[in-house]
Amino acid sequence: MHTPLLIFCLLFSVLSALYATFAIYQKHSRFKVDVRQQVKQQTLDAAKQIGDKLALTMTFVDEFESKITALEDKRYAPELLQYEFDTNPELFSLNVTFHPYQYDKYTRYFSPYYERLTGVERKFDLVDYDKPDVEFSWYHRPLKEGAIWTEPYYEPQNNVLMTTYSVPFYASEQAKKSGQAALGVIPSDVSLDHLTSSLRKLKLGLGGYGVIFSTEQNLISHPVFAHVREGEDKPSLVKKAEFTYLNQIEGCFDTKLDYLFFNGETLDNDEHYAACTLIPHTNWVLITRMSSDMFEIDKDFRRQTNIIAISCYAASIIFLILLLTRKRRLNWTQNNVSISIVLMISTIIVLDFARSFNEIEAEDTVIVTSNSQKEAFQTSYRNRLLQMRIEEPHFVATGAYVESIEFVNANNVHITGSVWQKLTPDQRQVLTANISFNEAIESKVEENYRKELNDGSLLVSWHFSIITRQQFDYSKYPFDHKNIVLRLSASDLGANVVLVPDLDAYERLGKKDNPAIANDIVMEEWQLVQSYFKYTFQHYNTNFGLDTFTNQDINAELNYSINLEREFLGPFVTTLLPVMVMVCLLYACVVSMAYTPYGDLRNNITAVVFTILLAHYSIREHLQIDEVVYFEIFYFLLYLIASAFMLIAHQYYKAVTSRGNAKYFKHIANIWFWPLLTVMIFVTTIMTYY
């Protein structure tokens, strides 16, 4: 029954491996399709919502134009204008503009204008609109083109970006149908902030956001309003590092655009993904940018399924080796060497997957690596507080620069560096610059300097030296990661202050750029992987006795996260290499069993075990932790194997003395040492990292 059983196990392992591989591929493909479909739906829905708002304004204005055109006596136009504006609160503004001297022969300019762009209703009378200036395109273009949406423009008086829908009106319906000249135009301004509010609701990952470009490629909407207010366009934006991705998505500015999606193969590593479509009723381009976290499958799932697949492939090869041995294609020495090599290679691959698919951040963490992400976070957090009827917080720009990191012990980290704050002229009236470090058991903060900036802001810098205590996971040593978090907060809890990263103070902001880490920082046995600013939401079950501490359930705390990966060379020399030497010495004792007296063999194995104990103690002393780490399990395996082979040696010498089958025990000791050891290492690795 051995051969049929091996064939069955081989087929089952192969089918399991293929199924696991197919499941990984299917899950990965399905995930990407689902997320892309979700992004497409959100992008198209956002464009439709903006188009619907435009259509609503168009409907109101078109209906009003019909009423004005139908008026036999146009002197009643002002009363009708005021009535329509008062009864339609959805309109931001409404205006009737007559050609010069068309309202009556004594009045050159007649253009009453009602608006509520800032929430306060006001009335103006416009003049000089017949001049050939670009700002009066709302008047000139409809006379030639019919109903139009103007190119968006910034209106400094109300501090809003807006666009205008303008239609011509006529002396009568008959005059309109016969193609006679229009008497004037009816424009209505719309705040683009109102139109693009739906962009803030897009779920595009931690760093995702939406932008809009006009027909003439001027920037209409962006989380950083300064880009919009300064009237920047595509040619000027592509020169900035944050907008270099626009060069890779030229297809978005095609007038025949329907929908396009761009992945990481098209864009550079910092921009990740993008999608674009046209907004209905206009030729404006909506571009949604997505951060890569939108396309990351759960790392735990990927690691576990990959480990299952590797285990199945390893089992398939092992059963094949056993079957070949059964058919006498391989001898037992070749069999066990092959099995040991397969298991060691599988162990190395499992360790690589464990390092590659390591989950670091919690799901509710908000990573900030650009001004756009910072602005998006501020807007989202501000809206969240408004929904809870909590006063808008003060957002204080704060920066940090880490000069040294040293592990004092298993849980304490000594960090030194500089930190600073910038208070705007308004903030200086109600706040004082202050900084504190949460989780710091020792803290020394000394002021470096205090300077007045050109815009009236106050810059205060401190040098800090702190010892912060954090809970680190050492269970996967020496293939472990550490995430050191520098937790920053305002000293005054009741001041309703939220610290925001001063990103303008750094040249590069990518995770791999490590903006707030000194270039010459000494990391000893650690390798710096990435670092970045992030927000974590702290949930306190107390208000610390402060009536003004009202946001204890959603308090946003600014952190600087430093991801470290242990360099393998150090643990290899100090830990793994001695273990490998001790394993070889133990194997040498085993293979010399036939040529060594029992007493000498027992003493040799005992000496090796004693050496293993010393090495084991050295690791415990070095790490100073309470938990059992991955590499420490190797020592327990060596204890077990040494005891097992001591027993085998005893049975061997007993058989030799009694003239029994001593070759059986020698065969077990010589042949199965490495397969047994590698099987135990492989199983231990899977149990640790699965």
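**Briefing: cavities, pocket, sheets and domains**

Seven residues, I405, E406, F407, M523, E524, W526 and L564, line the second largest cavity. The model described here is predicted. The protein is divided into domain 1 (55–187), domain 2 (365–566) and domain 3 (567–689). The points below take up the cavity, a pocket, two sheets and the domains in turn.

**The second largest cavity**

- The structure holds two cavities of 30 Å³ or more, and the second largest cavity has a volume of about 40 Å³.
- Strand β15 (residues 394–407) gives the largest share of the lining of this cavity, namely three residues.
- By residue type, the lining of the second largest cavity comprises five nonpolar and two charged residues, with no polar ones.
- L564, one of the lining residues, also stands opposite K482 in a strand pair, with L564 belonging to β23.

**The second largest pocket**

- The second largest pocket contains about 910 Å³ of space.
- This pocket is lined by 39 residues, of which E135, W138, T150, Y153 and D189 are the closest to its centre.
- Several elements each supply at least two residues of the pocket lining: the helix α3 (137–145) and the strands β3 (112–115), β4 (122–125), β5 (148–149), β6 (153–155), β7 (160–169) and β8 (184–191).
- The lining of the second largest pocket divides into 20 nonpolar, 10 polar and nine charged residues.

**The sheet that runs from β10 to β11**

- Strands of a sheet pair through backbone hydrogen bonds, and the pairing may be parallel or antiparallel.
- One open sheet has five strands in the order β10-β9-β13-β12-β11, and the pairing is antiparallel.
- The edge strands of this sheet are β10 (219–221) and β11 (259–262), each of which pairs on one side only.
- From one strand to the next, the twist averages 25°.
- Within this sheet, strand β12 (residues 273–278) pairs with strand β13 (residues 285–290) in the antiparallel sense over six bridges.
- C276 stands opposite I287, a residue of β13.

**The sheet that runs from β14 to β17**

- Another open sheet of five strands follows the order β14-β22-β23-β20-β17, again with antiparallel pairing.
- At its edges stand β14 (366–368) and β17 (436–437); each has a single partner strand, so one side of each is left without a neighbour in the sheet.
- Strand β20 (residues 481–489) and strand β23 (residues 555–566) are antiparallel partners, joined over eight bridges.
- K482 faces L564 of β23 across the pairing.

**Domains 2 and 3**

- The centres of domain 2 and domain 3, taken over C-alpha atoms, are separated by 49 Å.
- The contact between these two domains takes 16 residues from domain 2 and 15 residues from domain 3.

Terms used: Residues are numbered from 1 along each chain as its sequence is written. This is a predicted model: local features need pLDDT of at least 70, side-chain atom pairs count only at pLDDT 80 or more; totals for chains, interfaces and linings use all residues. Side-chain values use heavy atoms; hydrogens and water are left out. On a 1 Å grid over the protein atoms alone, a cavity is a set of points where a 1.4 Å probe fits but cannot get out, and a pocket is an open set with protein on both sides within 12 Å along at least five of seven lines; lining residues have an atom within 4 Å of a point. Grid points are joined across faces, edges and corners, and a volume is the space filled by probe spheres set on the points. Helices (H or I, at least four residues) and strands (E, at least two) are DSSP runs, numbered from the N terminus. Ala, Val, Leu, Ile, Met, Phe, Trp, Tyr, Cys and Pro count as nonpolar, Asp, Glu, Lys and Arg as charged, and the others, Gly among them, as polar. Two strands pair if DSSP finds at least two bridges between them. Axes are lines fitted to C-alpha atoms, for helices over the stretch in contact, and angles run from 0 to 180 degrees between N-to-C directions. Domain bounds come from an automatic or database domain assignment. Contact means heavy atoms within 4.5 Å.
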